[in-house]
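Grab the model below and work through a few exercises on helix packing, strand pairing and charged pairs. Try each task yourself before you read the solution.

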Amino acid sequence: MNVDKGCSTPCATSIDLMANRVYAYAQGKEFMVNLQVASLLPMVPSGEDFGLSRRFFRELGFKELRTYDGFVLLANGGAQFILQDLNDEIFAQRLMISIMVLDLDGWWGMLSSKGLDKQFPGILMQPPKEYRWGREASIIDIAGVCWRVAEVAHEEFPLQEEMLRRSQRSWQW
């Protein structure tokens, strides 16, 4: 059993976690678990046609990293989500996901030149528009999920170059 006296990194197993708590208690120290989130993978419904939805997200620049029965892990830069073979209109219409890009106008120009609304009937695309919180574009996908797309503001994320460098490394399972 690995007892990390400092436990500065998350413990590998629940047995290790319990051992670290017992050790910290015996030493009269408080044991803290690192609550930092490493990743967020929302599960997004595909709508009626899972294959068509997969093709749609590939056209948006997402790569399929892993597929398994009714699920596919998709990634683009540092963003990832799991597309699920699920047709639930009510859930899809209530789901909204935000994407941050480094160049909204460039991203929109590239996307609109693809003619996705002709390739994928039923999707809706709204070009960048000014709101009181900033500029956003939006897409309603095949299932009815609303994807809000905004530009990363330099003052919000001063290390854009570092973000871009990190985003080019995909998490692998």
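## Exercise 1: a charged pair across the chain

The side chains of lysine 114 and glutamate 59 meet in a salt bridge, at 3.5 Å from N to O. Work out where the two partners sit and how exposed each of them is.

Before you start: this is a predicted model, where local features need pLDDT of at least 70, side-chain atom pairs count only at pLDDT 80 or more, and totals for chains, interfaces and linings use all residues. Residues are numbered from 1 along each chain as its sequence is written, and side-chain values use heavy atoms, with hydrogens and water left out.

*Solution.*
- Step 1, the rule: a salt bridge here is a side-chain nitrogen of Lys or Arg within 4 Å of a carboxyl oxygen of Asp or Glu.
- Step 2, the places: lysine 114 is in the loop between α4 (104-112) and α5, while glutamate 59 is in helix α2, so the pair ties together parts 55 residues apart in sequence. Helices (H or I, at least four residues) and strands (E, at least two) are DSSP runs, numbered from the N terminus.
- Step 3, the exposure: lysine 114 is partly exposed at 33% relative accessibility, and glutamate 59 is partly exposed too, at 25%. Buried means under 20% relative accessible area, exposed over 50%, and partly exposed in between (1.4 Å probe, protein chains only).

## Exercise 2: the other charged pairs

Find out how many salt bridges the rule gives, and place the partners of arginine 54 and arginine 135.

*Solution.*
- Step 1: the count comes to five salt bridges.
- Step 2: arginine 54 pairs with glutamate 64, with the closest N and O atoms 2.6 Å apart. That joins helix α2 to strand β2 (residues 63-68), with the partners 10 residues apart. Arginine 54 is partly exposed at 21%, as is glutamate 64 at 27%.
- Step 3: aspartate 105 and arginine 135 meet at 2.8 Å, N to O. Aspartate 105 belongs to helix α4 and arginine 135 to strand β7, 30 residues apart.
- Step 4: salt bridges with shared partners join Arg54, Arg58 and Glu64 into one network.

## Exercise 3: the two sides of a helix

Which residues of helix α2 (residues 50-59) are buried, and what do they pack against?

*Solution.*
- Step 1: the buried ones are Phe50, Ser53, Phe56 and Phe57.
- Step 2: looking down the axis of α2, these buried residues fall within an arc of 120° (taken from the directions from the helix axis to the C-beta atoms), so they line one face of the helix. The background is simple: an α-helix has 3.6 residues a turn, so residues three or four places apart point the same way.
- Step 3: the buried residues of α2 pack against β3 (71-76), β4 (79-84), α5 (116-119), β7 (134-140) and β8 (146-151), where contact means heavy atoms within 4.5 Å.
- Step 4, just past the end: glycine 61 takes a positive phi of about 100°.

## Exercise 4: the sheet

In what order do the strands of the four-stranded open sheet run, and which are the edge strands?

*Solution.*
- Step 1: the order is β5-β8-β7-β6, with mixed pairing; two strands pair if DSSP finds at least two bridges between them.
- Step 2: β5 (96-101) and β6 (124-131) are the edges, each pairing on one side only.
- Step 3: β7 and β8 pair in the antiparallel sense over five bridges. Glutamate 136, for one, has alanine 150 in β8 as its bridge partner.
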